[in-house]
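Opening my notebook for today's look at a new structure. I'll jot things down as I go.

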Number of protein chains: 2
Amino acid sequence: MNVDPRDLQRVLDGRWAAVREEVRTQFGDRSLHPDPDLSTEEYRALTTANLGLLAESRRPHLGFDPAYGGGGDVGGVVTAFAMLGYGDLSLLVKAGVQWGLFGGAVQALGTSRHHDEYLKPIMDGELLGCFAMTETGHGSDVQHLRTTATYDQAAREFEISTPDAGARKDYIGNAARDGRMAVVFAQLITQGTSHGVHALLVPIRDSEGRPLPGVTIGDCGRKAGLNGVDNGRLSFDRVRVPRGALLNRFADIAEDGTYESPIASESRRFFTMLGTLVRGRISVAGGAGSSTQKALALAIRYGATRRQFSDPATGEEVVVLDYLAHQRKLLPALATTYALHFAQADLVADMHELQGFGAAGDERRQRDLETRAAGIKAAATWHATATIQTCREACGGAGYLAENLLPQLKADTDVFTTFEGDNTVLLQLVAKTLLSDYGRRVGKLDLLGKARFGARLAADAVAERTGLRAVLRRGDVRDRAYQRWLLVEREEHLLANAAQRMRKALAPGADQFAVFNDAQDHLLVAARAHVDRVVFDAFAAAVARVPDPGVRALLAQVHALYALSVLEGDRAFFVEHAYLTLGRAKAVTQAVNALCGRLRPHARTLVDGFGIPEPWLACPLLDGEHDPTAAATDPAPSREEPTDLASVG
Amino acid sequence: MNVDPRDLQRVLDGRWAAVREEVRTQFGDRSLHPDPDLSTEEYRALTTANLGLLAESRRPHLGFDPAYGGGGDVGGVVTAFAMLGYGDLSLLVKAGVQWGLFGGAVQALGTSRHHDEYLKPIMDGELLGCFAMTETGHGSDVQHLRTTATYDQAAREFEISTPDAGARKDYIGNAARDGRMAVVFAQLITQGTSHGVHALLVPIRDSEGRPLPGVTIGDCGRKAGLNGVDNGRLSFDRVRVPRGALLNRFADIAEDGTYESPIASESRRFFTMLGTLVRGRISVAGGAGSSTQKALALAIRYGATRRQFSDPATGEEVVVLDYLAHQRKLLPALATTYALHFAQADLVADMHELQGFGAAGDERRQRDLETRAAGIKAAATWHATATIQTCREACGGAGYLAENLLPQLKADTDVFTTFEGDNTVLLQLVAKTLLSDYGRRVGKLDLLGKARFGARLAADAVAERTGLRAVLRRGDVRDRAYQRWLLVEREEHLLANAAQRMRKALAPGADQFAVFNDAQDHLLVAARAHVDRVVFDAFAAAVARVPDPGVRALLAQVHALYALSVLEGDRAFFVEHAYLTLGRAKAVTQAVNALCGRLRPHARTLVDGFGIPEPWLACPLLDGEHDPTAAATDPAPSREEPTDLASVG
C-alpha cells in the first residue's frame, strides 16, 4: 500500500479542487504568518490591508449574486474561505465578517433596494461593515436581544436604541476600527407592537471614520487571539434611519407602519432569517478544519524526525512517532480530522445546492442542513481546540514558541467553540430537532405499531439487563457494518430514552425546567452520538467513491481508526447497555493500537494529502527534516529511561 | 450546611497560612495584571523590575540556607511562589528560574566555595542567572545531553563546548536578556573518560550585559505566553572556566584530573543530582493549582450571575450555573482542584521535612517524594490546561477578551504540561517506580507465596469473566470506602498486568523495545490510576482532620464529587473488568449529577475559600455581580430554546 500524496490530495480536494488550486497558486509561495510581536494596531492595519488584497483577487465576489457581478458559487467561496485557516486566521475572520456575515446578510435578508446600492462596494471591499447581532447580555439567546428599532410613522424612519448596558452590541468584528455600516439586529416595534428580531442596515461612521451622532463605539481591545480583527461594541441612542433601512426580504413595514410578512409565525420567521446565516457556521467549521490539518502537519512531521531515548537493542535513539503513546496522541486525531473533512465537504455541497442562486427552497432539507451545520460546527471546533492543544504538547518547548506557528493557531481558533453559536447551545438545537423528528416518527405509528414499539422498548430493557443484546449481535469490532450498527444503536437508544424523559414534562403540574435540566446532559450526549454517526456515514460514502484502490484501502483504514476511536471513547456506554461484551470492548482498544501501528508508516503521506503549500508550514520546528541524522548519533547508548526492565519480576 | 468561606480558607491555607497571609497583605490591594498590549521588551523589563521588588520583600530568601542569610523555610517559599500563580505568571516563572532553579542548583549542588561567593547576590537579585539544562536535541532525555565540560589538567580549567546544533541549550529562562551566569549541565570528561552529566557555574555576560567571548546567546522570541520571561539559547565555543566552577557536592575533580564521588553508580549519581531539583516540579504544580483556582473563581462567579434563556414556568431568565450542563463543566473540575490542593499540600510538607536544612537524608522517602512530585505535577498541569480552557469557554466571548484575564491564564500555563519534565515522560517515570516496587514485592514472596499469588491471578481472571467480582463486592458508589476499594483495585490490577506484560521482555531474544512500546499506553494508564488514588487519599485525610463539622461536611461532598468523577471518567475500565455492575456504573453518573446539584448553592463559597484577594480577580467579567438584575428582566418571556417540549411524543 504505497500511496502518492497527490492522489490522496485529489480525493480530499473534492468538488472545489479548482478553487483550492487557485488559492494555492495565488498565495502558495509566500508565508502568511504575521510577525507575532506586532502591536494590536499594527496587526489590525495589516489585516485591513490584506483584506484589500483579497478583494482585488475577486474571490470574495464568488459568493454573491451573479446579477450583481458575483460569481454565484456559494460552495466555492466557502471552500476558499476555509483555506485561509492554513494561513492567517485574523484575515479569515475579518473576511468572514465582511463578506460572509455583513455582505451575506445584506444579500440574503435584503432586497433589490439594498443590493443595488450596497452589494458592489461590499464585494469590492470599499464599504466595510459589521454584523451587529450579539449583545453583552444576550449571546446565545438571540431571540431575546433587547436593542429596539421603533418605527416612527410620521417621520417614516426607524429609531434605533440601546435600552440598557446589557443590550450593547458586543464582540462585533469590524466595529472598533474599520466598519462604516452595520447590519443591526433589533426588536422591531411598529404601531405599539413588537414583531421580534429583524435586521436593519445602519450607518455607524462617517467617511472620515468618526462615529455618527448617537452611535457610541467601544473597543474590545486585546483578545486571546485574532488580534488582527477589530472587535468592538456599539450602542445606539435614538439613532434615526429611513424606512428602507429594514432588510425586508422576509418582512416589511408599509409607510403607514403596517407590518407584513409572508411568514405568519414569529418564531418561524425568526428561524428563517437565521437560517440564511447557516453559511457562517459552515465556514467556521471549515476554518477549524484547515487549522487542525495545519497543526497536525506540523506535529506529525516533527514527530517523524524528532528522536528521544534509545532503543536498548540497537542503542539508536527512537523517532518519537514510533512510540505508541505518541501515535495515540496524534493518529486518532488525524483520523477524526479526515472524517470531519468529508462530512464538511458534504455540508458545503448540500449548502451549495440549497442556497445557490436560483435554487428552489426546500424547507425540510434546509432544516436538515441547519441541524447538520450546528452539529458539525460543534464537533469540528471542539476537535480543533483539543487537537491543536495536543499538537502543541507533542512538540514540547518548541511547540510553545511563536516562531513554530502552533501558539497562534491555538489562540486564534480558541473562540471558534463559542462564536457563531456556543457549541453547547448548538448541540441542544441538534437534540431538539432530533427529538421533534423522533416524536413525529413515533406519533405516526398506528395503535398496533405503538404496541409493538412498546414491546420493543421492554424487550430492549430485558436484553440490556441480561447482556443478551451483545450475545445476539455477534461481530468483529473491526468490521465496518458492525461499527455502524453500534453507532446507530447508540444514537437510537439515547434518543428513545431522552424522549421518554422529556415526556414527563407534559404531565400535569410538572416542573418543565427541572425535567429538561435533569436530562440536559443526556440530550447533549444524544446530539453528539448523532453527529458521530453522520460523520461516520459521510466518511464511509467518501471512501466508497474513491476510484484508486490504493487510496481507497488507505482511507478505509483511516475510517476504521476514526470509528474505533469513537467507540473507544464511549465504550462505557456500549458495555453498560450491553451492546459490547467485555471481551469485545477490550478488542476495541487493541484494534486502535494495531491501527496506529499500521498507519504510522503512512502518517507523512496522510498529512501531505492535505495539500498545504510548504511556505505556509515553514518554521524552525521542521528544520530537523533537512538534517535527520543530527539527533540520531548518541554518545552514550545505555538506556536508563523510560523503564528499567531488570527490576521487574 | 452554611459555611463561612473564611473557615474554609483556614483549612485550605493549611500549615503555611502565615506565609499566605503575608503575601495577601503585601500585594492584596493591587492588580497584578500587566497590560496585555505590552511589547515583548516592555513586558520583560516590567518583569525584571518586579523581580527586584520581590527580592526586596526578602521572601525569596526564605528558601535558602540560614547560614547564608536565608530563611530555611523550604515549604514556605514554595507556598509563596505558588501564590504568584494568582497574579502574573511571567513573574512566577522568572522568580522560579532565578531562585528555584538557578539559586536552588547553586545551593543544592554546590559547596561552600560557591555558597560563600554567590548565595547572597543570588538571593538579593543582584546576580541573575540561568539553569542551562535542556538542549534543542535533548529535552526529556537529560542524561544524553551533549554539551561537554572537558578538564584540562595543565590549565586546571574546564573547557565548555557545544559540539553541534542539537546540543545548543534551548528555552533557557533569563538567558535572552538578564542572566549573567548559568548553571550549565554538561558531560564531564576528565583523563579521557566521560563521567556523565554534571553542573558547572559559567559566566555568560559581562557586567555591561555583553555576551562573553565564546558564548553565543540567542533569543527564543515571542512565545504563546510567559512573554515577560526572556527565554534564550546558549552555545559555548571552548569557553574556559576554573576547576572550582564545578558544583561539587556530589562529585569533584582533583587538580590532577582524578574524578571522585561518594556515589559509585553513575546513574544513581545522576538521579541524586536531579532529585535535589524536585522542588521545581512541586512549584510548577503549585503554580498550576493557583491558576486553576483563579480561573474557576472567575468562571463560577460569572456563571452565578449570568442569565440566559427563560424558565418556561416563570418566564424568568435562568442563571447559567443552574443548568446541569454548566454545573458539569465546572463543578467536577472544582472538586478536582480541591483534591489536588490537598495532595499538593502534603507534597510540600514532605519536601519541607526531607529537604529542609539539617534534615537527615532518607533515600526511600526521597524516592517516594520524587515519584509523587512527578505524578502530581503531571496531573495538576493537565488539569490546569483543561480547566482553564473550560472556564474560558464557559464565559463565552467575554472569556476570550484579555481584559477578563482568562486568555493570559491559558496562554501562560500552557507550557506547564511540557516543562520541568514532559508530563508523558513523568508518568513513565512513575510507572517505572511502581513496577520496580511491584517487582520487589512479588520477588519477596517465598515459593508458597508465589503459588498463592499465581492462584490469585487465575481466580481474578475467572472473577472477571463471570462478573463475579462485582457481585461479591456489593456496595454503594456513594460510599467512600467503596470508592477507595475501586481505586485501589484498579491501580493493583493495572500494575499486575503491566508487570506481566513487561516480563515478556526478559525472554531470550525478545525485542525489548517492542514489548515496552506495546505496553506504553497501559503503563501510562497505570501511573494515572496510581496518582488518582494518592490524590484521593490525601483529600480524605485532609477532610478527616477538619475540626469544624460544617466545613468537614461540605468538604466530604466535594471529596465525593472528586471520587465519583474519577470513577465516571474511567467507568469503562470498572465495568470491563467487572468491578462495577452495569447498574452501579449508571449510578455513578447519577451520583455525579446529584452532587452537582447539591454543591451548586455552595459554589461561590467554595471559590471564595481559595482566599484570592479581590483586586487579583477584578475585571469587567465580574461587573454583573454589582448589578445582578440587569440581565434578569426579560421583555419576551416565551421560551423557544433550548427544547420544544410540545413536539415530543
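These are my entries on the chain pair, one sheet and one lysine.

**Entry 1: how the two chains relate**

A note to self before anything else: this is a predicted model. I started by laying one chain over the other. Chain A lands on chain B after a rotation of 180 degrees with 0.0 Å of shift along the axis, and the RMSD is 0.0 Å. So I can write down a two-fold axis, since that is the relation described. Next I wondered which residue of chain A comes closest to the rotation axis. That turned out to be A:Ala572, with its C-alpha at 2.0 Å.

**Entry 2: where the chains touch**

I looked up how many residues are involved in the contact. On chain A there are 96, and they touch 95 residues of chain B. Helix H12 of chain A, residues 423–444, gives the largest share of chain A's side, with nine residues. I also sorted that side by class: 40 residues are nonpolar, 29 are polar and 27 are charged. Both copies use the same surface, as 99% of the contact residues of chain A recur in chain B.

**Entry 3: a three-stranded sheet**

Then I went after a sheet in chain A. It is open, has three strands in the order S4-S8-S7, and its pairing is antiparallel. Which strands stand at the edges? They are S4 (169–172) and S7 (215–219) of chain A; each has a single partner strand, so one side of each is left without a neighbour in the sheet. On average, neighbouring strands here are turned by 20 degrees against each other, direction ignored.

A reminder from class: strands of a sheet pair through backbone hydrogen bonds, either parallel or antiparallel.

I zoomed in on one pair. S4(A) and S8 of chain A, residues 232–236, run in the antiparallel sense and share two bridges. Across from A:Lys169 I found A:Leu234 in S8(A).

**Entry 4: one lysine**

My last stop was A:Lys294, which sits in helix H8 of chain A, residues 278–303. Is A:Lys294 buried or exposed? I put it down as buried, because 23 other C-beta atoms lie within 10 Å and the cut-off for buried is 20 or more.

I then listed its contacts, leaving aside neighbours within four places in sequence: A:Lys294 touches A:Tyr86, A:Leu409, A:Ile612 and A:Leu617. I checked A:Ala541 too. A:Lys294 and A:Ala541 are 247 residues apart in sequence, and their C-alpha atoms are 25 Å apart in space.

Conventions:
Residues numbered from 1 in each chain as written. Chains lettered and ligands numbered in written order. Predicted model: local features only at pLDDT ≥ 70, side-chain atom pairs only at ≥ 80, totals over all residues. Contact = placed C-beta atoms within 7 Å. Helix = DSSP H or I, 4+ residues; strand = E, 2+ residues; numbered from the N terminus. Nonpolar A, V, L, I, M, F, W, Y, C, P; charged D, E, K, R; others polar. Buried ≥ 20, exposed ≤ 12 C-beta atoms within 10 Å, placed from the backbone. Pairing = 2+ DSSP bridges. Axes fitted to C-alpha atoms, helices over the stretch in contact; angles between N-to-C directions. Least-squares fit on C-alpha atoms with pLDDT ≥ 70 in both.
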